[in-house]
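Please read the following points on the aromatic residues alongside the sequence and the coordinates.

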Amino acid sequence: MDDDSPAARWEQRTEIPLFLGSLIFIAAYATRVLALGIPSFWRGLCLATMLTLWALFAADYLVRWRLGGQRFLRFVSTHFLHTVVVVLPLLRPLRIVPLYDVIQRRQGEPRLSLYARVIAYASLSTLLLGFSGALAVYQEERGAPGATMKTFGDAVWWAASTLSTVGYGDVIPVTTAGRVIATGMMAGGLGLLGAVTGSFSSWLMQTFAREGDEGPPGR
């Protein structure tokens, strides 16, 4: 993308505010899921906040499409993550890489190496995906017949074991929606784990190769 294009300028101006909006969306959603005893006014305010932010995310998506100058179906296929976070705004904080690019263009040269950035991205994405997935599956599983997920703590434990691909099986989703969420989290966990493992392995190989080229001390 050309840095001087209308689409690039739009992203530069909106990425940070929209990321902050996504964190507010998660906070409002978490309040509705976890704080069942709050007055109806606050629950309604949380819902209104979520709907407003969702509308802003959808408007941003349409603006990016218009500025991109592509046919809509072509835009959808080439901007998969944009499409996913509009359909599932709870996942919008996963757009960490574009956010970092926007911040980096303002600050200049990156302070972290490529491998450190990949590991940092994957770690933060795992935390956000785990928390969001735990909230979503807990909302679906809570009170379901035969549910093993009794508390939000159970949901967090399940999310951790799922993302790490361990899968102990002591807490499992029993509803259809819960299992759909679990499938997405398993796919996300495999992708994030692969990114971290691949980056770390590449860093080790580069380090060993550099030490081999330098040879033993005093040679």
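1. Is Y61 buried or exposed? In this predicted model, Y61 counts as buried, because its relative accessibility of 7% falls under the 20% cut-off. F75, for its part, is also assigned to the buried class, with a relative accessible area of 1%.

2. The count of aromatic pairs comes to 8. For Y61 and F75 the ring centres are 5.2 Å apart and the planes stand at 75°, so that this pair is edge-to-face, the cut-off for that class being over 60 degrees. The pair links distant parts of the chain, since Y61 belongs to helix α2 (residues 40-68) and F75 to helix α3 (residues 72-78), with their positions 14 residues apart.

3. A further edge-to-face pair is formed by F131 and F152, because their planes are at 90°, with the ring centres 6.1 Å apart. As F131 is placed in helix α6 (residues 114-141) and F152 in helix α7 (residues 152-163), this contact ties together parts that are 21 residues apart in sequence.

4. The accessibilities of these two partners deserve a separate remark. F131 counts as partly exposed at 35% relative accessibility, whereas F152 is buried with a relative accessible area of 19%, a value to be read against the limit of under 20% for buried residues.

5. Returning to Y61 and F75, ring pairs join both of them with W65 and F72 into a cluster. Within this cluster, W65 has R66 lying over its face, at 5.4 Å from the ring centre.

Methods:
Residues are numbered from 1 along each chain as its sequence is written. This is a predicted model: local features need pLDDT of at least 70, side-chain atom pairs count only at pLDDT 80 or more; totals for chains, interfaces and linings use all residues. Side-chain values use heavy atoms; hydrogens and water are left out. Rings of Phe, Tyr and Trp (its six-membered ring) pair if their centres lie within 6.5 Å; planes under 30 degrees apart count as stacked, over 60 as edge-to-face and the rest as tilted. Helices (H or I, at least four residues) and strands (E, at least two) are DSSP runs, numbered from the N terminus. Buried means under 20% relative accessible area, exposed over 50%, partly exposed in between (1.4 Å probe, protein chains only). A charge sits over a ring if NZ of Lys or CZ of Arg is within 6 Å of the ring centre and within 35 degrees of the ring normal.
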